[in-house]
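Trainee: Please take one part of this model and go through it closely. I would like to hear how the helices and the sheet are arranged around it.

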Amino acid sequence: MKHLILFDGICNLCNSSVQYIIKHDEQALFSFASLQSDFGKQQLASHGLLPEQLDSIVYIHGNQRYVKSTAALKIAKRLDGPVKFLYAFIIIPAPIRDIVYNWIARNRYKWFGKQQHCMLPTSDMKKRFVDD
């Protein structure tokens, strides 16, 4: 599992983002797990992140881990289509990019809603999800 994305499994925006990534990841590089899953929590701990302090997407590539806007941009860079050009924003320092990221993250439930339970992937998507 070379490219792992950990996401908020009850967030509608996050679930839509995962579906977008799957659709635009023609090489099937990415695997997914929710932050709330036991596997997600184990991955966070093994990369020095505390689940209760994290309000972010996490992208793990090899021994590297990325959070917030850096994770989003690194993921976008590997997708097919024009979304990869968003990576150009990496030249903006992370603390500045993360102001916007944190604002969206703080309001994501209010703006996009949330689910009672983590998303259940379709049978086609299941092979991309890690749960143990």
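Mentor: Confidence in this predicted model peaks in helix α3 (residues 68-77), at a mean of 96, and is lowest in helix α1 (residues 12-23), at 88. Across the protein the average pLDDT is 86, with 88% of the residues scoring at least 70. Helix α3 is the part to look at, and the sheet is the place to start. That sheet is open and has four strands in the order β2-β1-β3-β4, with mixed pairing. Its edges are β2 (30-34) and β4 (64-67); each has a single partner strand, so one side of each lacks a neighbour in the sheet. On average, neighbouring strands are turned by 20° against each other, direction ignored. Strand β1 (residues 3-7) runs parallel to β2, and five bridges join the two. Within this pair, Ile 5 is placed opposite Phe 32 of β2.

Helix α3 lies across β1, β2, β3 (58-61) and β4, and its direction is at about 110° to β4. Helix α3 also meets helix α4 (residues 94-112): the two axes come within 7 Å and cross at roughly 95°. Crossing angles of 65 to 115 degrees count as roughly perpendicular, and α3 and α4 are therefore roughly perpendicular to each other. From α3, the contact involves Lys 68, Ser 69, Thr 70 and Leu 73; from α4, it involves Ala 94, Arg 97, Asp 98, Tyr 101 and Asn 102. By type, the residues of this contact between α3 and α4 are three nonpolar, three polar and three charged.

Methods
Residues numbered from 1 in each chain as written. Predicted model: local features only at pLDDT ≥ 70, side-chain atom pairs only at ≥ 80, totals over all residues. Heavy atoms only, no water. pLDDT = per-residue confidence, 0-100. Pairing = 2+ DSSP bridges. Axes fitted to C-alpha atoms, helices over the stretch in contact; angles between N-to-C directions. Contact = heavy atoms within 4.5 Å. Parallel < 35°, antiparallel > 145°, perpendicular 65-115°, else oblique. Nonpolar A, V, L, I, M, F, W, Y, C, P; charged D, E, K, R; others polar.
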